[in-house]
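Me: I would like to go through this model step by step, beginning with a single residue and ending with the wider architecture. Please give the cut-offs as the terms come up.

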Amino acid sequence: SHPNLNLRTLEQSDKLKNVCYEIRGPVHEHAARMEAEGHRILKLNIGNPALFGFEAPDVIMRDMIHALPFSQGYSDSMGVLPARRAIVTRYETIEDFPYFDVDDVLLGNGVSELITMTMQALLNDGDEVLIPSPDYPLWTAMTALSGGTPVHYRCDEDNDWNPSLEDIREKITSRTKAIVVINPNNPTGAVYSPEVLKGIVDIAREYSLLILADEIYDKILYDDAVHTSIASLAPDMLVLTFNGLSKAYRVCGYRAGWVVITGPKGHATGFIEGLRTLASTRLCSNVPGQHAIQVALGGYQSIDALCAPGGRLHEQRTVTVDKLNEIPGVSCVTPMGALYAFPRLDPNVHEIHDDEKFVQDLLLQEKILVVQGSGFNLPDTAHFRIVTLPWAQDLAEAIDRIGNFLSSYRQ
Ligand code: PLP
C-alpha cells in the first residue's frame, strides 16, 4: 500500500547458507497452511509430547506457579543455584559419573540454546566437528552457523544403527575439534552399549577431541536397554553432557535445559570462559523454567512407568515398529530409546529419488506429516522419521494409511 521502489532486497545472511532444520522446514509450513484452511493434519514430525495428551507431572507445574512471583527478575547467567544443585545431585546417583560442582553447570533455554552457545564458543572458521549421520540436525546447523565444518560419521543400520568406529577414525583430520554423540539417538532410537561408547572415547582420547554428549533421552528407554553416560567412561577427558526437562518431564515449552562440564579443564579455560561470556550476553535463561528443574529431578519419576511394558510410550513404540514392518518393502530397526522410529523404504520396492517430495505427497494425500530422512543429514532418500507419541490406535491407523499410500506411490 506504500510503494517504495528504493527498498533494498534483504537476503538471508551468508552464515545461514548451510543451516537447515527440516523438522520445521517448508513441508511443515505447508502443513500449517493446510490446517489454516481447515484440514486436520496428524503431526508425526515433532517430538512434542504436549500435543498428544502427555501431561507434565503435577508437582512441576504447582512448584513453578509457586515460584512465579520470585521469577520476575534476571537470574545469575549460569542459572539459579537450587536447580544447579539438583543437577549435581542427579548425576551423583549415576555410577562412575565424574564429580563436578555447581560451577560446572550452565542452564539454558532448552538444550537447543546450549548447543548453539557451545558451538559459538568453540569453533573457528573451518574447524571440524564429527556428527552422527543420521543426526538431530541442530548439531549440524549450529556447527555450520558457527563457521565450523560438520563432518558426518556413519551410523550403521545393519548394526542396530550403532556408530561405525572405522568411519569415525577415517574422518578425523588435523582440524577435528570435537565429536558429538547422541545417545539415546534421535532419529534412530539406538542406545549405545558401554563397549561402543568406550570405542568412541578411545578415539577421542587419541586425537584429543572434546566430547559433546546429547543425552536428552537418557530416561526414555525400552525393554532391557540401559543407558550409559559417556562421561562416566571418560573421567580423564573434557566432556559436555547436555540434558533437560523437554522430553522425560514433558515440558518442552518451559525451555529448561542444562549442560554439565566434567573432566580436566586446565587445557580448556579459554573455551569455558567463552561459554560463560556467551551466557552473560544473553543475561539468563527463562527463569520460571529454571525453577521447574529442582522439583522435576527430585522424587518419583513418572517417565519410568510410561516406558515400562504396559506403559503408554512402550506400547506406542511397539505398535509403531510392528505395523511399519508389516508394510511390504519397509523395515524398521526397533528403537530402544527416545520417541521416534526411523524406517527404511527398500529402494527395490519403493523407488524414492526425492524424499522431501515423498513427505509432501504423503501430506497432501493422507494428511500425515513425517520428516524425510535426508533432513537428518543422511545421504540417502530411503528413510523417514515418525514420532511415537500418538495413542497406539492412532499410530496403527496412520501407519496403515502410510502403507496404502506406498502401495500405489511412484516417483
Ligand atoms: N537434542 C535432541 C537429540 C533432541 O531430540 C532435541 C529435541 O527434540 C533437543 C536436543 C532440543 O531439546 P530442547 O531444546 O527442548 O531441550
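Me: In which strand does Pro 132 lie?

Reply: This is a predicted model, in which local features need pLDDT of at least 70 and side-chain atom pairs count only at pLDDT 80 or more, while totals for chains, interfaces and linings use all residues. Residues are numbered from 1 along each chain as its sequence is written. Strands (E, at least two residues) and helices (H or I, at least four) are DSSP runs numbered from the N terminus, and the run of residues 128-133 that holds Pro 132 is strand β3.

Me: Is Pro 132 buried or exposed?

Reply: A residue counts as buried if 20 or more other C-beta atoms, placed from the backbone, lie within 10 Å of its own, as exposed if 12 or fewer do, and as partly exposed in between. Because 30 other C-beta atoms lie within 10 Å of Pro 132, this residue is buried.

Me: Which residues does Pro 132 touch, not counting those up to four places away in sequence?

Reply: Two residues are in contact if their C-beta atoms, placed from the backbone, lie within 7 Å. With residues up to four places away not counted, Pro 132 touches Tyr 153, Cys 155, Pro 163, Val 180 and Ile 182.

Me: Which helix gives the most to the largest nonpolar core?

Reply: A nonpolar core is a set of buried Ala, Val, Leu, Ile, Met, Phe, Trp, Tyr and Cys residues joined through C-beta atoms within 7 Å. The largest one has 118 residues, of which Ile 179, Val 180, Ile 211, Ile 230 and Ala 292 touch the most other members. The helix that gives the most to this core, with six residues from the run 110-122, is α4.

Me: Where does this core lie with respect to domain 1 and domain 2?

Reply: The domain bounds, which come from an automatic or database domain assignment, are 16-45 + 309-407 for domain 1 and 58-297 for domain 2. Both domains give residues to this core, so the core lies between them.

Me: What separates the centres of domain 1 and domain 2, and how many residues does the contact take from domain 2?

Reply: Taken over C-alpha atoms, the centres of domain 1 and domain 2 are separated by 26 Å. The contact takes 26 residues from domain 1, and from domain 2 it takes 28 residues.

Me: Which element supplies the largest share of the shell around the ligand?

Reply: The ligand is surrounded by 13 residues, the closest being Gly 110, Val 111, Ser 112, Tyr 136 and Ser 246, where a residue is near a molecule if its C-beta atom, placed from the backbone, lies within 6 Å of it. The largest share of this shell, three residues, comes from α4.
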